[in-house]
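Please open the model in your viewer with side chains available for display, and follow the selections below in the order in which they are given.

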Amino acid sequence: MLSGKEVATHNSRESCWIIVHGKAYDVTDFLDDHPGGSRIILKYAGKDATQEYDPIHPPDAITSNLPPEKHLGPVQPDTVEKVEIQITDEEKERLERIERRPPLSEILNLHDFEAIAKEVMPVKAWAYYSSAADDEITIRENHAAYHRIWFRPRILRDVTNVSFSSTILGHRTSMPIYITATALGKLGHPDGELILTRAAAKHGVIQMIPTLASCSFDELVDGAQAGQVQFFQLYVNKDRAITKRIVQHAESRGIKGLFITVDAPQLGRREKDMRQKFEAEDPAEVSKAGKDNIDRSQGAARAISSFIDPGLKWGDLKWFKSITKMPLILKGVQCWEDALEAYDQGLAGVVLSNHGGRQLDFARSGIEILAECVKQLKEKRGLRFPNEKFQLFVDGGVRRATDVLKAVALGATAVGIGRPFLYAYSAYGPEGVDRALQILHDEFEMNMRLLGAPTIKDVLPEMVDASNLSSHIVAVPNDSLYNTNYEVMQHAMLRVPPKAKI
């Protein structure tokens with residue numbers, strides 16, 4: 001075994017070793033290729049970097065990206081120099097707020113999880129999860145759009161027993177929802193996306209595994225129950241050999257649907273995240289690190305996504321069909337013309353989504369795109385929705401079962417929910433996600449009865465009035481719960497002067 005003292009001597013740009021999970025690695029040649037830049041690696045040169053590494057990397061990230069000769073072997077634990085973690089006054093206050101959380105029995109809706117998460121999450125983690133593009137118009141519109149759809153309930157129907165189970169790509173789900181892919185799960189809880197895997201099994205819903213999960217892909221598949229259905233969200237790598245390996249490995253592990261993200265050829269500017277990143281920079285350390293050409297202007301998001309191929313095009317879908325038999329779904333379709341093209345190319349469906357409002361600001365909501373897709377695909381190809389052969393999904397802005405039921409009435413097969421589950425486990429751990437899914441279950445049961453719909457198939461277009469859906473300026477009652485949780489964006493501010501020395 002290596003000695004920690006020996007590792008500590010390799011603490012420069014010329015020879016940089018780090019320790020992760022008790023093993024040493026030579027990352028000297030990787031410094032300039034690290035998506036997050038060399039500065040953060042050099043901070044831990046010669047030291048144990050596990051605490052910084054874990055929240056934003058799958059466990060196998062370092063072993064997969066470094067050649068075998070750079071794996072230096074185990075290090076004697078008692079000889080390792082660790083980076084001293086100082087607990088700030090702000091962190092002490094945050095830990096005190098955690099102790100003052102209300103019991104789960106007082107959490108009555110998904111908005112409540114968000115409110116508590118904002119109070120108890122580390123600032124950087126909250127900034128990454130909650131941030132959106134530019135002026136954050138689209139993230140708010142994603143939710144507000146549902147308020148322009150009104151119900152037309154039916155009465156005097158036997159709703160003694162209601163069933164809201166459904167199928168997604170032919171696979172049973174207890175509710176017409178799925179847990180959609182979100183990155184960096186361990187920012188909210190040490191168990192990360194594995195919490196969602198277990199909750200999905202317990203509650204009979206489907207989890208979409210993210211490319212940029214904090215847990216490894218195999219860890220999440222291994223954590224599933226026998227027969228549990230999982231989908232996979234794919235960011236397409238510039239190196240297609242890597243993409244092919246990832247896709248075929250996912251298929252070999254039993255993944256039932258490949259959701260290819262198509263709305264992120266470049267990351268949007270998420271200014272809440274960027275401001276946190278900026279404030280965390282240490283100019284002295286940057287200067288010590290030498291020349292660093294890595295663009296860190298995109299905040300934490302940039303650090304994990306520089307591999308994404310901006311050259312992905314329609315012609316590439318033929319190649320995808322040649323490497324996998326999994327159903328192919330495009331995630332991030334934002335107009336009916338592209339949905340029609342996806343249908344004509346023989347795909348299994350599309351997710352009408354603007355990436356949670358994190359890409360192009362003033363992109364329309366998924367629910368608005370749904371309405372126009374249903375209309376246009378009926379006119380152009382005679383399709384009726386929901387449609388087993390070509391399925392329409394929606395995500396973004398959902399906070400109530402009524403939001404889901406509006407989407408179903410308009411023709412969606414199911415709705416993806418992401419941030420609310422992150423907030424649930426960031427605030428309360430695994431029990432939070434259990435509670436969130438139970439809340440949705442109870443809301444479905446009540447609202448199906450009130451709509452006069454014994455089954456999901458009884459939730460029909462005639463049950464909603466969406467005539468104002470495309471009117472982007474329209475008076476609606478104020479949504480106090482959502483608006484209270486929304487954190488107003490910060491403008492540039494004068495620096496706080498240093499405290500005078502006594």
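Begin by selecting Asp344, which counts as partly exposed because its relative accessibility is 41%. In this predicted model, the side chain of Asp344 meets that of Arg381 in a salt bridge, with 2.8 Å from N to O. The two residues belong to distant parts of the chain, 37 residues apart, since Asp344 sits in helix α15 (residues 336-344) and Arg381 in helix α16 (residues 366-381). Arg381 has a relative accessibility of 39%, and so this residue, too, falls into the partly exposed class.

Next, select Arg364 together with Glu372, where a further salt bridge is found, its closest N and O atoms lying 2.9 Å apart. Arg364 is classed as partly exposed because its relative accessibility is 24%.

Now move to Arg240 and Asp309, whose salt bridge brings the closest N and O atoms to 2.4 Å from each other. Arg240 is part of helix α11 (residues 240-252), whereas Asp309 lies in the loop between α13 (283-288) and α14 (317-323), so this pair ties together parts of the chain that are 69 residues apart in sequence. Buried or exposed: which word fits Asp309? Asp309 is buried, because its relative accessible area is 16% and the cut-off for that class is under 20%. Its partner Arg240, by contrast, is partly exposed at 22% relative accessibility. If you add Lys313 and Asp316 to the selection, you will have a network of salt bridges that links these two residues with Arg240 and Asp309. In total, the structure holds 19 salt bridges, including those visited here.

For the last stop, select strand β11 (residues 328-333), which is mostly covered, six of its six residues being buried. Which strands pair with β11? Strand β10 (residues 258-261) pairs with β11 in the parallel sense over four bridges, and within this part of the sheet you can find Ile260 standing opposite Leu330 of β11. Strand β12 (residues 349-352) also runs parallel to β11, to which it is joined by four bridges, and here Ile329 has Gly349 in β12 as its bridge partner. To see how the chain passes between these two strands, trace it from β11 through α15 to β12, a β-α-β crossover that is right-handed. Helix α15 is also where the tour began, as it contains Asp344. While the strands are on display, bear in mind that in a regular strand the side chains alternate between the two faces of the sheet.

Methods
Residues are numbered from 1 along each chain as its sequence is written. This is a predicted model: local features need pLDDT of at least 70, side-chain atom pairs count only at pLDDT 80 or more; totals for chains, interfaces and linings use all residues. Side-chain values use heavy atoms; hydrogens and water are left out. A salt bridge is a side-chain nitrogen of Lys or Arg within 4 Å of a carboxyl oxygen of Asp or Glu. Buried means under 20% relative accessible area, exposed over 50%, partly exposed in between (1.4 Å probe, protein chains only). Two strands pair if DSSP finds at least two bridges between them. A crossover is right-handed if, with the strands pointing away from the viewer, the path from the first strand over the helix to the second runs clockwise.
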